Amino acid sequence: MSTLWSPLRLPGFRRLFAGQALSDFANWSDFLALSTVVVYVWGHGALELALLSVCIGLPYVAVGPFVSLKIGRLDARAVLVFCDVLRFAAVISMLWTESLPALFALVFIKMCASSVFDPVRQASIKRLVPEDRIAEASSLSQVLVNGTKIIAPMVGGVCIALWGAFSPFWLGAGLYLLSAVILAGLPRLIGEAAERAKTRFKDDMKDALKYVRGRPALLYAIMYLSVWMFFVFLYDALFVLFTERLGLGEASLGVLMSGVGIGSVLGSLAAGRWTFWKAYPLKLMSRLGIVSGAFIAVVGIGAFGWLPASLWLWCAVFVVLGFLGGFDAVPYGYVLQTETTDATIAPVSALANALQTGSMLVAPLLGAALASWIGVGGVFLAVGLGMILFAATILGKLSDREARAACLETQT
């Protein structure tokens with residue numbers, strides 16, 4: 001019987017896992033440093049921070065999907081190493097940057113490489129891990145994504161406090177370089193299916209869309225997570241206003257965000273440890289969406305002042321929210337792996353990233369506008385009820401037999 005840690009017994013996946021850990025840590029280690037340099041060192045404000053967010057999110061929408069289509073059949077090892085080296089060069093250059101446009105350009109270059117690295121990493125997992133261990137491998141990969149979001153910014157913050165605003169760039173550049181060295185030891189990763197598919201899968205986004213539309217399980221999973229991410233970005237920037245409404249103090253925001261991060265790691269670990277959901281991942285995602293929506297609605301009720309302003313209470317609520325989100329992401333990764341081929345996983349993954357990250361460019365502005373209209377509590381309550389309605393609607397269209405058939409379709 002496969003265990004959560006069993007994929008790490010595979011030398012290739014173990015090396016990929018180590019490289020991903022370093023790259024993910026580097027991705028988030030300079031998260032605070034960029035904002036600190038823009039606001040505290042150079043004295044800019046909200047508009048410049050918004051432009052920084054655009055530079056971070058836009059490559060996932062405008063670059064990653066199309067580049068991944070062109071390079072999907074190349075040696076994945078070479079692409080991963082190139083992405084790390086390019087990010088090393090971009091981050092190390094930030095140490096000598098003295099203008100905002102130059103910094104934005106370097107951030108954009110770095111995130112272009114990241115937008116390609118992720119779908120190619122997904123393809124590498126598929127080529128290194130046998131299908132009966134895909135669920136566990138997806139869980140471990142998601143644990144890294146969630147765990148580094150918690151730890152890396154904290155480490156970056158300590159570096160800023162000890163050695164100045166630019167010090168995390170040294171850390172990130174070094175980690176990217178080390179990751180490149182480790183990933184260079186991978187075997188050549190060109191799948192046989194990708195070679196055979198050269199004449200069938202054209203380098204066109206229409207083919208990726210057509211492929212997704214022809215697989216209901218894959219289409220639903222991408223659609224579900226895209227809508228879920230849109231809901232998240234609607235309220236994500238309003239957490240600080242939530243703590244203000246409750247009078248919890250400035251320090252409470254960091255505590256609550258840490259609770260979300262810890263919960264997401266625990267959720268990812270639990271999904272990899274107990275893989276009962278593999279027979280019906282889509283139904284599980286919908287059910288978790290309903291429960292998540294209920295907890296988000298509870299946050300909205302709290303923002304209206306109808307629940308106690310207890311930090312312990314809200315920390316528990318946010319841990320549960322993180323747990324549900326972390327657990328939900330693993331079945332999605334499993335569907336993405338099992339419903340694609342060597343030739344299609346990179347472009348399909350990039351397409352999914354574009355749809356999900358695209359919310360980052362629109363939803364925060366919409367959320368702010370809604371908050372001025374219906375209040376912070378109204379936004380959380382509306383998002384929660386919307387999530388419940390959306391997940392329940394999809395769940396109502398699925399049967400246990402249909403979900404199981406959709407997930408096993410590619411195996412038969």
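Here are some notes on this predicted model, point by point.

1. Let's start with the overall make-up. The protein chain is built with 17 helices and zero strands. Of its 412 residues, 55% count as buried. The chain exposes about 17700 Å², and carbon and sulfur atoms supply 69% of that area.

2. Sequence separation is worth a look next. Taking contacts between residues at least 6 apart in sequence, 87% join residues at least 24 apart. One pair that illustrates spatial approach across the sequence is Gly 325 with Ser 264: they are 61 residues apart in sequence, yet their C-alpha atoms are 6.1 Å apart in space. Gly 325 belongs to helix H15, which covers residues 311-338. Is Gly 325 buried or exposed? With a relative accessible area of 14%, Gly 325 is buried, because the cut-off for that label is under 20%.

3. On to the charged pairs. How many salt bridges does a search of the whole structure find? The search gives five, and three of interest follow, including the one between Asp 118 and Arg 121.

4. The Asp 118 and Arg 121 side chains meet in a salt bridge with an N to O distance of 2.3 Å. You may want to look at that value in your own viewer. Both residues lie in helix H6 (residues 100-128), three residues apart, which is about one turn of the helix. Asp 118 has a relative accessible area of 19% and so is buried, the cut-off being under 20%. Arg 121 is buried too, with a relative accessible area of 5%.

5. Asp 75 and Arg 77 also join their side chains in a salt bridge, here at 3.3 Å from N to O. The two partners carry separate labels: Asp 75 is buried at a relative accessible area of 10%, whereas Arg 77 counts as partly exposed at 23%.

6. For Glu 244 and Arg 245, the side chains meet in a salt bridge at 3.3 Å, N to O. Glu 244 has a relative accessible area of 53% and is therefore exposed, as the cut-off is over 50%. Arg 245, at 47%, is partly exposed.

7. Arg 245 turns up again in a helix contact. Phe 242, Arg 245 and Leu 246 of H12 meet Val 299, Gly 302 and Ala 303 of H14. By class, this contact has four nonpolar residues, one polar and one charged. The axes of H12 (residues 239-246) and H14 (residues 281-303) come within 9 Å and cross at roughly 45°. Why are H12 and H14 called oblique to each other? The crossing angle of roughly 45° is neither under 35 degrees, as roughly parallel would need, nor within 65 to 115, as roughly perpendicular would need, so the pair is oblique.

8. A second helix pair closes the list. Helix H2 (residues 31-41) packs against helix H7 (residues 134-163) at an angle of about 45°, and their axes are 7 Å apart. That angle makes H2 oblique to H7. Which residues of H2 and H7 meet? On the H2 side they are Leu 32, Ala 33 and Thr 36, and on the H7 side Pro 153, Gly 157 and Ile 160. The residues of this contact divide into four nonpolar, two polar and no charged.

How values were computed. Residues are numbered from 1 along each chain as its sequence is written. This is a predicted model: local features need pLDDT of at least 70, side-chain atom pairs count only at pLDDT 80 or more; totals for chains, interfaces and linings use all residues. Side-chain values use heavy atoms; hydrogens and water are left out. A salt bridge is a side-chain nitrogen of Lys or Arg within 4 Å of a carboxyl oxygen of Asp or Glu. Buried means under 20% relative accessible area, exposed over 50%, partly exposed in between (1.4 Å probe, protein chains only). Helices (H or I, at least four residues) and strands (E, at least two) are DSSP runs, numbered from the N terminus. Axes are lines fitted to C-alpha atoms, for helices over the stretch in contact, and angles run from 0 to 180 degrees between N-to-C directions. Angles under 35 degrees count as roughly parallel, over 145 as roughly antiparallel, 65 to 115 as roughly perpendicular and the rest as oblique. Contact means heavy atoms within 4.5 Å. Ala, Val, Leu, Ile, Met, Phe, Trp, Tyr, Cys and Pro count as nonpolar, Asp, Glu, Lys and Arg as charged, and the others, Gly among them, as polar. Accessible areas come from the Shrake-Rupley method with a 1.4 Å probe; for residues, only the protein chains shown count as cover.
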